[in-house]
Amino acid sequence: MSAGAARWASEQVLALAPDAASAKAGAKLAAPGPWSGTGAGNGAVWGLCRGSGSKPYLTVVDVAGGSAPGYRCSCPSRKFPCKHALGLLLLWAADGDAVPEAPGSVPDWADQWLSGRRRREEGKEKKEAAARDGERAAAPADPEAARRRAERRAARIAAGAGELERRLADLLRGGLAGAEQAGYAAWEETAARMVDAQAPGLAARVRELGAVPGSGPGWPSRMLEECALLHLLDRGFLGLDGLPEPLAATVRSRVGLTTEVAALLADRDALVRDHWLVLGGHESEEGKVTVRRFWLRGRRTGRMALVLSFGAGGRPPELALPVGTRVDADLAYYPGAPALRAALGERHAAPEPEDAPPPGAGVRGGPASYSVALREDPWLDAWPVVLSDVVPVPDGEGWQLADAGGDAALPVVGTAGARSRMWRLAAVSGGGPVTVFGEFGHRGFVPHTVWSGAAPATAVPLTAAGTGGGTR
């Protein structure tokens with residue numbers, strides 16, 4: 001490809017698949033047979049794929065797009081990318097002869113779409129930059145009205161937190177056996193009251209509380225733990241003025257008070273530019289919304305970041321970051337401690353493959369990192385960590401990740417999704433030490449990505465944004 005851009009790894013391509021069926025169908029098309037007129041250059045890959053009709057499908061992928069890869073195919077599929085785009089990218093990734101470098105031979109049908117897309121991308125970037133500049137320069141239209149709205153909402157949330165405190169007290173006074181007999185309806189009604197109080201974070205935790213009695217043996221102790229955390233959050237919001245600002249920001253975020261992305265990105269002084277390695281990605285359905293999570297690590301800063309992208313109404317989230325690539329971009333961290341969630345700002349170059357694993361710690365690094373983060377945010381379920389030189393070890397019906405020296409090990413979460421990932425991880429390991437990215441929390445370790453010990457090391461997603469499945 002021109003400008004020295006490297007071909008992607010097949011794992012990076014498959015990470016873009018909207019679902020497992022598309023990935024499988026794309027893999028079937030990753031052979032030279034159905035393709036003609038293929039080429040790569042000027043940040044694009046193109047080709048004609050023979051289908052069941054008389055005319056081949058025209059497929060082009062913009063792999064150097066400013067905001068995200070772009071796809072164009074004349075097939076009738078409504079999935080993005082479609083199986084033809086995936087098959088073409090897989091073929092390009094695997095076979096330089098099947099998709100030759102031809103930067104001076106971009107066909108007109110592909111060039112027209114690429115030119116239009118890049119003009120739109122450029123216009124969008126200029127518009128966003130102008131909007132950020134405008135927001136910095138302009139004072140709020142009516143700061144007094146905004147202050148009064150914020151005060152009214154805070155008062156409603158405080159009333160909701162007070163009501164929730166009374167319900168928790170009634171629960172404990174009446175005994176936990178009643179919670180099992182009452183069923184889920186009472187919890188749903190309480191969650192609805194928190195929604196009315198404009199506290200979606202409290203509503204979500206109440207719904208999780210309602211699921212505890214059905215979680216199997218030992219549920220009373222888990223119920224008490226969750227009640228204690230919810231009580232702590234309630235008291236934290238009701239005493240917000242007495243908290244240090246980082247903890248207060250965390251509490252506000254936990255109850256559901258959000259910060260506008262535009263306002264975050266408008267603060268240029270707070271932007272963190274780095275080459276961010278995409279450590280892992282995961283997609284899940286949360287109600288009627290599809291959520292993609294991407295974990296990043298800055299090469300210069302060493303900072304972790306979590307970037308979310310949402311898709312509502314059955315539409316997939318817009319953001320796609322291939323796992324194992326490095327992105328030169330600006331991030332703006334949301335307020336709170338520890339700082340993890342961030343908004344993705346301007347990207348200064350297209351993602352590039354990274355052929356080395358990220359630096360990591362031994363298995364003791366997982367609990368150590370989590371405990372430090374938990375000290376600042378007691379409601380934190382898990383914290384992202386990179387473990388290096390670890391070996392997967394079967395442990396009864398579950399798994400552990402052990403240091404290569406065998407002197408320490410971490411338990412892997414015992415869900416069916418996590419066990420499935422461990423079989424893939426073990427296949428990459430082959431019994432040797434590997435580097436693994438995942439999340440460590442009070443339930444154990446959840447792996448997301450593995451790098452083999454061989455050079456060059458390629459990231460292998462164990463669960464990818466776009467393929468779903470498993471558990472976080």
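**View 1. Threonine 435 is a buried residue of the predicted model.** Its relative accessibility is 9%, under the 20% cut-off, so threonine 435 counts as buried. Threonine 435 belongs to strand E14. Residues up to four places away in sequence are left out of its contact list. Beyond them, threonine 435 touches Pro357 and Pro358. Its contacts also include Val386, Leu387 and Ser388. Thr449, Val450 and Trp451 complete the list.

**View 2. Tryptophan 295 and phenylalanine 437 form a tilted ring pair.** The structure holds 3 aromatic pairs. In this one, the ring centres of tryptophan 295 and phenylalanine 437 are 5.8 Å apart. Their planes stand at 55°, so the pair is classed as tilted. The pair links distant parts of the chain. Tryptophan 295 sits in strand E6 (residues 289–298). Phenylalanine 437 sits in strand E14 (residues 434–441). The two residues are 142 residues apart. Tryptophan 295 is buried, at 1% relative accessible area. Phenylalanine 437 is buried too, at 0% relative accessibility.

**View 3. Tryptophan 399 and tryptophan 423 meet edge-to-face.** Their ring centres lie 5.0 Å apart. The planes are at 90°, over the 60-degree cut-off, so the pair counts as edge-to-face. Tryptophan 399 comes from strand E12 (residues 398–403). Tryptophan 423 comes from helix H13 (residues 416–429). The pair therefore ties together parts that are 24 residues apart in sequence. Is each partner buried or exposed? Tryptophan 399 is buried, with a relative accessible area of 8%. Tryptophan 423 is exposed, at 61% relative accessibility.

**View 4. Arginine 303 and arginine 341 each lie over the face of a tyrosine.** The ring under arginine 303 is that of tyrosine 333. Arginine 303 lies 3.9 Å from the centre of that ring. Arginine 341 lies over the face of tyrosine 334. Here the distance to the ring centre is 4.3 Å.

**View 5. Helix H9 packs against helix H10.** H9 spans residues 219–238, and H10 spans residues 245–255. The helices pack at an angle of about 120°. Their axes are 10 Å apart. The crossing of H9 and H10 is left-handed. Which residues meet in this contact? H9 brings Leu233, Gly236 and Phe237. H10 brings Val251, Arg254 and Val255. By type, the contact residues divide into 4 nonpolar, 1 polar and 1 charged.

Methods:
Residues numbered from 1 in each chain as written. Predicted model: local features only at pLDDT ≥ 70, side-chain atom pairs only at ≥ 80, totals over all residues. Heavy atoms only, no water. Phe/Tyr/Trp six-rings, centres within 6.5 Å; stacked < 30°, edge-to-face > 60°. Helix = DSSP H or I, 4+ residues; strand = E, 2+ residues; numbered from the N terminus. Buried < 20%, exposed > 50% of the residue type's maximum accessible area, 1.4 Å probe, protein only. Lys NZ or Arg CZ within 6 Å of the ring centre and 35° of its normal. Axes fitted to C-alpha atoms, helices over the stretch in contact; angles between N-to-C directions. Left-handed = near helix turned anticlockwise from the far one by under 90°. Contact = heavy atoms within 4.5 Å. Nonpolar A, V, L, I, M, F, W, Y, C, P; charged D, E, K, R; others polar.
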